[in-house]
Amino acid sequence: MPLYDCMLLLKPHVKKEALADLVAWVGKHVYSRNGVLTDIKSLGTVQLGYGIQKPDGRCYQGQLMQMTMMATPNINKELHYLNKEDRLLRWLLVKHRDTKFGLDSLSDDPWNDEPDAFQRINLYNNEDLDEDEDDDRDEYDLDQEQTKE
């Protein structure tokens, strides 16, 4: 399952109980579809660059929430219920790219014995050096250490 961030911009006068109800509804919806809510952050009240017109007036600030979840790819269609929510000014669902979880993360074994391309390049370049050049480097390094003291 991919990882998503759901950003919720709520009206500034929304009470904490109503905000908790909305977050709980989204969380229950994700959980009922075998998803997991991994993080919830309240980013506080933010000033908006422009007013957002709603039937009860224009809002120039809002309460910003971020919900991180692992959910099925059709979660975007399922969350369109939020368009009818009176407490929300805007909402946005963002999919994390190139993030691996569960068994997918095990395919990239960090303890693999085969060197990657960068290591192969370094091995190739080191083989071309003469022993004299290696000795010069060691003397240079020693000189640098002595001058630092």
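Start with the contacts in this predicted model. Among contacts between residues at least 6 apart in sequence, 75% join residues at least 24 apart. Keep that in mind as you click through the chain.

**Stop 1: the whole chain.** Switch to a cartoon view and colour by secondary structure. You should find four helices and four strands. Going along the sequence, they come in the pattern β-α-β-β-α-β-α-α. Now try a surface view: the chain exposes about 11200 Å², and carbon and sulfur atoms supply 50% of that area. Of the 149 residues in the chain, 28% are buried.

**Stop 2: the sheet.** Select the strands. In what order do the four strands sit in the open sheet? The order is 2-3-1-4, with antiparallel pairing. At the edges you'll see strand 2 (36-54) and strand 4, each pairing on one side only. Look along the sheet for its twist: neighbouring strands are turned by 20° against each other on average, direction ignored.

**Stop 3: strand 1.** Select residues 3-10, which make up strand 1. Seven of the eight residues here are buried. Add residues 57-70 to your selection to bring in strand 3, which pairs with strand 1 in the antiparallel sense over eight bridges. To see one of the matched positions, pick Y4 and then its bridge partner M69 in strand 3.

Now add residues 88-95, and you have strand 4, which pairs with strand 1 over seven bridges, again in the antiparallel sense. Here, pick C6 together with L93, its bridge partner in strand 4.

Stay on C6 for a moment. Why does C6 count as buried? Because its relative accessibility is 0%, while the cut-off for buried is under 20%.

**Stop 4: helix 1.** Select residues 16-32 to light up helix 1, which lies across strand 1, strand 2, strand 3 and strand 4. Compare helix 1 with strand 3: the helix runs at about 35° to that strand.

**Stop 5: the largest core.** A bit of background first: in soluble globular proteins, nonpolar side chains tend to be buried together. In this model, the largest nonpolar core has 21 residues. Show side chains for L8, L10, M69, I75, L79 and L82, the residues with the most contacts inside this core. Strand 1, helix 1, strand 3 and strand 4 each supply at least two of the core's residues. Which element gives the most to this core? That's helix 1, with six residues.

Zoom in on L10. Leaving aside neighbours within four places in sequence, L10 is in contact with L19, L22, G62, Q63, M65, R87, L88 and L89.

**Stop 6: a second core.** There is also a separate core of six residues, including I52, C59, L64 and L89. Pick C59 from that group: C59 counts as buried because its relative accessibility is 10%.

**Last stop: the cysteines.** You've now visited C6 and C59. How many disulfides does the model have? The count is zero.

Notes. Residues numbered from 1 in each chain as written. Predicted model: local features only at pLDDT ≥ 70, side-chain atom pairs only at ≥ 80, totals over all residues. Heavy atoms only, no water. Buried < 20%, exposed > 50% of the residue type's maximum accessible area, 1.4 Å probe, protein only. Pairing = 2+ DSSP bridges. Axes fitted to C-alpha atoms, helices over the stretch in contact; angles between N-to-C directions. Contact = heavy atoms within 4.5 Å. Areas by Shrake-Rupley, 256 points an atom, 1.4 Å probe, with all protein chains shown as cover. Core = buried A, V, L, I, M, F, W, Y, C linked by side-chain atoms within 4.5 Å. Disulfide = S-S within 2.5 Å.
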